[in-house]
Amino acid sequence: MERDIGVGVIGLGWMGRVHTAAYRRVLEHFPDLGVRPRLVKAADVSAERRRHAERVGFEATAEDWRAVVDDPAVDVVNVTLPNVMHREVAVAALEAGKHVWVEKPVGRGVADTQAVADAARTAGVVTGVGFCYRFAPAVQHAHRLIADGAVGEVNHYRAVFLADYANRPDGAASWRFQRAVAGSGALGDLMAHVVDLTHHLVGPIERLSGRTATMIPRRPRQLGEGTHFSRGDSDELVDVDNEDWAAALCELESGTVGSLEASRVVVGPRVGMRFEVHGTTGALAWELERMNELERFALSDDGDEGYTRILTGAQHPDFAAFQPGAGVPMGYDDLRVLEARNFLAGVRDGEQREPGVEQMLATARVLEAIERSAESGAWEPAR
Ligand SMILES: NC(=O)c1ccc[n+]([C@@H]2O[C@H](COP(=O)([O-])OP(=O)(O)OC[C@H]3O[C@@H](n4cnc5c(N)ncnc54)[C@H](O)[C@@H]3O)[C@@H](O)[C@H]2O)c1
């Protein structure tokens with residue numbers, strides 16, 4: 001008999017809605033999952049966002065997040081709040097015995113992430129962390145190709161997340177620009193994804209030399225319920241006290257060298273997340289703006305060498321659950337459905353799967369090493 005899993009969502013902004021939609025859709029794509037998510041309770045300080053949650057199917061909503069954590073009908077808690085609240089809410093949910101799917105970067109730095117990881121270990125429950133790009137079929141395919149030796153021995157690696165959401169000086173100073181609420185800036189927001197994909201594809205980062213910069217040091221105060229894409233709606237300027245840009249030269253545990261870069265103020269790319277892996281016999285490249293494509297190169301002796309553009313299709317992992325034919329594009333929200341499937345399967349089996357809080361902890365250590373190195377000017381250990 002299919003078991004109901006009571007779902008609670010705390011924070012009903014962009015991510016709260018994306019997580020909710022993933023639960024609503026997951027059985028459509030994975031009817032044999034064996035568990036059925038039931039939207040039990042959602043919380044947000046915004047009455048309008050609570051009304052929206054009720055319209056899309058939550059049985060109840062609350063202003064106070066504790067009402068979700070305390071509800072015995074809630075089995076899993078989604079923490080989709082500003083970073084400053086991740087630790088308090090996730091730890092409370094874990095201590096109440098709930099499984100927790102929490103957004104990256106799980107707090108404002110290593111200390112917060114460590115506290116959540118400790119609480120999860122003590123509770124012995126399942127965690128998920130929003131490293132959604134691992135789930136793109138093209139990325140899953142790349143992961144398998146690298147593991148199978150299809151590019152030979154990896155000897156060069158580079159990855160970037162070049163985003164433009166704040167590239168105008170009148171872009172509003174949302175919570176993401178305040179260290180007290182967000183922790184770091186481009187590091188926690190964007191570089192976290194870059195580092196997790198690096199760990200996933202080519203292994204742990206051992207040491208690094210990092211730099212950070214803030215290109216737009218003051219922004220208009222955000223009034224009302226905006227997003228981090230909102231443009232200034234106030235004449236009052238506030239200081240930005242975390243970084244717009246970060247980069248690192250790094251050495252992996254394997255000895256491979258590489259580079260990482262993230263920006264939230266670049267002009268040109270929109271969501272320019274990209275990795276390039278080069279090995280002794282081949283190469284792979286993927287980027288988010290062309291999520292359904294993988295570029296693949298293989299050395300050959302016939303002189304016809306060049307990258308091949310592979311469009312994902314039913315032969316690639318998880319694609320057929322969404323579309324029947326190659327080239328019909330999947331989207332960002334579909335990755336979150338795959339993430340929900342992975343998390344719920346872990347809950348169903350009582351088995352921790354990746355990516356969970358432990359993977360975020362490894363990533364948080366790298367992010368902090370970049371900040372440390374930017375301060376010291378020296379190479380820093382990253383583990
Ligand atoms: N994995 C990804 O691709 C991805 C993408 C975007 C954001 N994120 C992460 O998701 C998290 C949320 O980001 P977002 O863009 O959805 O933010 P958001 O600002 O759109 O939403 C945050 C919500 O939390 C609510 N909130 C704030 N304080 C509250 C409180 N005390 N009690 C209840 N509700 C409260 C706000 O009203 C808002 O609705 C962040 O940690 C961010 O890093 C991850």
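These entries record what I looked up in a predicted model.

**Entry: salt bridges**

I began with the charged side chains, since side chains of opposite charge can pair when their charged atoms come close. My search returned 37 salt bridges. I then examined three of the pairs and one network.

I looked up glutamate 2 and found a salt bridge to arginine 36, with 3.1 Å between the closest N and O atoms. Glutamate 2 sits in the segment before strand S1 (3-10) and arginine 36 in strand S2 (residues 35-43), so the pair ties together parts 34 residues apart in sequence. I noted glutamate 2 as partly exposed, at a relative accessible area of 28%. Arginine 36 is also partly exposed, at 37% relative accessibility.

I turned next to arginine 336, whose side chain meets that of glutamate 103 in a salt bridge of 2.5 Å, N to O. This pair links distant parts of the chain, 233 residues apart: arginine 336 belongs to helix H9 (residues 332-349), and glutamate 103 to the loop between strand S5 (99-102) and helix H5 (110-123). Is arginine 336 buried or exposed? I recorded arginine 336 as buried, because its relative accessibility is 1% and the cut-off for buried is under 20%. Glutamate 103 has a relative accessible area of 5% and is therefore buried.

The third pair I checked was glutamate 371 with arginine 179, where the closest N and O atoms are 3.2 Å apart. Glutamate 371 lies in helix H10 (residues 357-376) and arginine 179 in helix H7 (residues 179-182), so this salt bridge ties together parts 192 residues apart in sequence. I entered glutamate 371 as partly exposed at 22% relative accessibility, and arginine 179 as partly exposed at 33%.

I also traced one network, in which salt bridges that share partners join Arg158, Arg274, Glu276, Glu287 and Glu295.

**Entry: a charged surface patch**

I then looked at the surface and noted a negative patch formed by Asp301, Asp302, Asp304 and Glu305. Within this patch I located aspartate 304 in the loop between strand S15 (293-298) and strand S16 (308-311). Aspartate 304 counts as exposed because its relative accessible area is 66%, and exposed means over 50%.

**Entry: glycine 203**

Last, I looked up glycine 203, which lies in the loop between helix H8 (186-202) and strand S8 (205-213). Its relative accessibility is 14%, so I listed glycine 203 as buried. Leaving aside residues up to four places away in sequence, I found glycine 203 touching Thr198 and Leu252. I also took the C-alpha separation between glycine 203 and glutamate 261: the atoms are 17 Å apart, and the residues 58 apart along the chain.

Note on methods. Residues numbered from 1 in each chain as written. Predicted model: local features only at pLDDT ≥ 70, side-chain atom pairs only at ≥ 80, totals over all residues. Heavy atoms only, no water. Patch = residues over 30% accessible without salt bridge, like charges linked within 9 Å, V, L, I, M, F, W, Y side chains within 5 Å. Areas by Shrake-Rupley, 256 points an atom, 1.4 Å probe, with all protein chains shown as cover. Salt bridge = Lys/Arg side-chain N within 4 Å of Asp/Glu carboxyl O. Lys, Arg positive; Asp, Glu negative; His and termini not counted. Charge placed at Lys NZ, Arg CZ, Asp CG, Glu CD. Helix = DSSP H or I, 4+ residues; strand = E, 2+ residues; numbered from the N terminus. Buried < 20%, exposed > 50% of the residue type's maximum accessible area, 1.4 Å probe, protein only. Contact = heavy atoms within 4.5 Å.
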